[in-house]
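The following exercises concern a single protein model and are to be solved with the structure at hand. Each task is followed by a solution in steps.

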Amino acid sequence: MFTPWKFGLLVTGAMAQVAPVRFLMGGYQSETAVFEYDPYANTLDILSTSDGGTSENKAWMNRHSVNPHILVTCNDHAVANATGYMQTFSLDPMSGSITLIDQVDSGGHQTANGVAAAHCAFFPNGKTAGVANYFGQTASFFAFNATSGMFGEQLPTLDYYGYVPRDGQNTAGDEGSSTQLTAHPHMIITHPWINTLYIPDLGQDTLHVFKFDDSGALTNFTHYDQPLGTGPRHLAITPSGRYLYLAHEITAEIRAYEVDLSDGTLTQIQDDISILPDNVTHSLALSAAEVHVSNDGRFLYASNRNLTDASLIEPTDPSDTIAVFSIDPASGCLVKIQSAMMPGARQIRSIELSPPGWTGGAGGQDFLVAGGLISNSTAVFKRDRATGLLELSAPSSYVWL
């Protein structure tokens with residue numbers, strides 16, 4: 001059965017006036033796929049697939065921050081005693097083909113769900129690669145050579161092993177994806193230009209904040225506790241660097257912060273705001289997944305995903321949606337303006353905006369692509385740059401035969 005790929009910000013061709021555009025997808029299998037979207041015919045097709053020379057899955061992927069021909073992936077393999085890996089690949093930006101360069105053990109503590117290397121990224125100068133080990137309860141960092149694509153020495157690890165949950169946290173059931181029995185570092189992200197690193201920890205209900213230098217050495221700076229049981233997952237920062245938006249997975253909400261541009265400290269600027277559609281009764285286990293801010297800093301996009309067991313979902317249950325918010329440029333506060341439905345979608349695990357400058361219009365970002373993990377579906381939405389609103393363009397679903 002086909003498993004939909006998770007998106008990385010990986011454009012493989014520039015958009016001409018009438019030419020289709022391409023993007024690369026990875027996910028919970030060894031192969032990546034090159035998709036081609038024709039915005040004029042509203043068609044979406046798979047052009048090619050490749051495992052890049054390795055059987056490891058590519059659940060998350062990111063392009064190098066300096067060298068666009070290098071790709072990093074991590075395997076998020078949530079199976080007992082499974083090792084976490086980061087891998088680097090050379091990337092052909094036109095064809096989308098990838099070739100393995102190097103591989104490193106992501107570290108972390110072994111659990112009944114393995115290590116689950118869930119998110120990987122480079123620091124802005126490209127000399128450090130980091131990975132968040134979700135079940136492994138650590139964040140690991142490695143020196144990196146942007147020319148060769150090779151990992152260097154391992155830098156000191158951030159270890160959160162031994163966390164004891166507090167009253168009010170989600171401890172029901174076994175150590176599943178959204179329970180809080182242990183620490184769960186979920187993302188590695190840096191401020192656009194302040195040397196500040198943010199790590200949302202879903203298990204501890206905390207946003208960890210560190211300072212770093214050009215060598216990648218980290219210094220503990222501060223942390224921001226979130227309401228118990230909310231589960232901070234991912235965050236997005238405006239291009240201006242002035243505002244930060246943190247997605248709470250368990251409660252399906254966004255918390256908005258203003259960033260002090262002198263040191264990266266945060267101040268909450270409004271009450272947490274739901275990403276769920278208005279006027280809909282949700283008896284199912286809906287949660288937040290991904291969050292992005294448009295290149296002009298005017299709109300925010302957040303996906304919800306249905307974590308209900310597939311056998312319990314009825315055909316009439318509402319499809320997953322993408323919440324669209326306007327951002328007040330003066331205050332950074334959010335106002336919900338749309339809940340864009342992806343018909344039949346279950347678990348919209350990831351979304352990506354097309355990069356700025358990809359098309360001829362000012363600011364670019366004419367499209368948003370989304371994937372439903374359980375529904376085996378992919379869709380492209382057209383994005384109105386003036387209003388921020390989404391319009392479904394090319395829905396698709398696939399099955400391997």
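**Exercise 1.** Does T206 count as buried or exposed, and why?

*Solution.* The model is predicted: local features need pLDDT of at least 70, side-chain atom pairs count only at pLDDT 80 or more, and totals for chains, interfaces and linings use all residues. Residues are numbered from 1 along each chain as its sequence is written, and side-chain values use heavy atoms, with hydrogens and water left out.

Step 1. Buried means under 20% relative accessible area, exposed over 50%, and partly exposed in between (1.4 Å probe, protein chains only).

Step 2. T206 counts as buried because its relative accessibility is 5%.

**Exercise 2.** Locate T206 in the secondary structure and describe its surroundings.

*Solution.* Step 1. T206 lies in strand β15, residues 206-212; strands (E, at least two residues) are DSSP runs, numbered from the N terminus.

Step 2. A polar contact is a pair of N or O atoms within 3.5 Å; within protein, one must be able to donate a hydrogen and the other to accept it, and residues adjacent in sequence count only if both atoms are side-chain atoms. The side chains of T206 and D225 are joined by such a contact of 3.2 Å. The T206 side chain also reaches the backbone oxygen of Q204 at 3.0 Å.

Step 3. Contact means heavy atoms within 4.5 Å. With neighbours within four places in sequence left aside, the contacts of T206 include R166, I199, H223, Y224 and P232.

**Exercise 3.** Establish how strand β7 is paired and how far it is covered.

*Solution.* Step 1. Two strands pair if DSSP finds at least two bridges between them.

Step 2. Strand β6 (residues 70-74) runs antiparallel to β7, with five bridges joining them; L71 has F89 in β7 as its bridge partner.

Step 3. Seven bridges pair β7 with strand β8 (residues 98-105), again in the antiparallel sense. Here L91 is bridged to I98 in β8.

Step 4. β7 and β8 form a hairpin with six residues between them, and G96 in the turn has a positive phi of about 85°.

Step 5. In β7 (residues 85-91), five of the seven residues are buried, and the strand is thus mostly covered.

**Exercise 4.** Characterise the chain as a whole.

*Solution.* Step 1. The protein chain has 29 strands and zero helices.

Step 2. Of its 401 residues, 57% are buried.

Step 3. Among contacts with a separation of 6 or more, 50% are between residues 24 or more positions apart.

Note on methods
Helix = DSSP H or I, 4+ residues; strand = E, 2+ residues; numbered from the N terminus.
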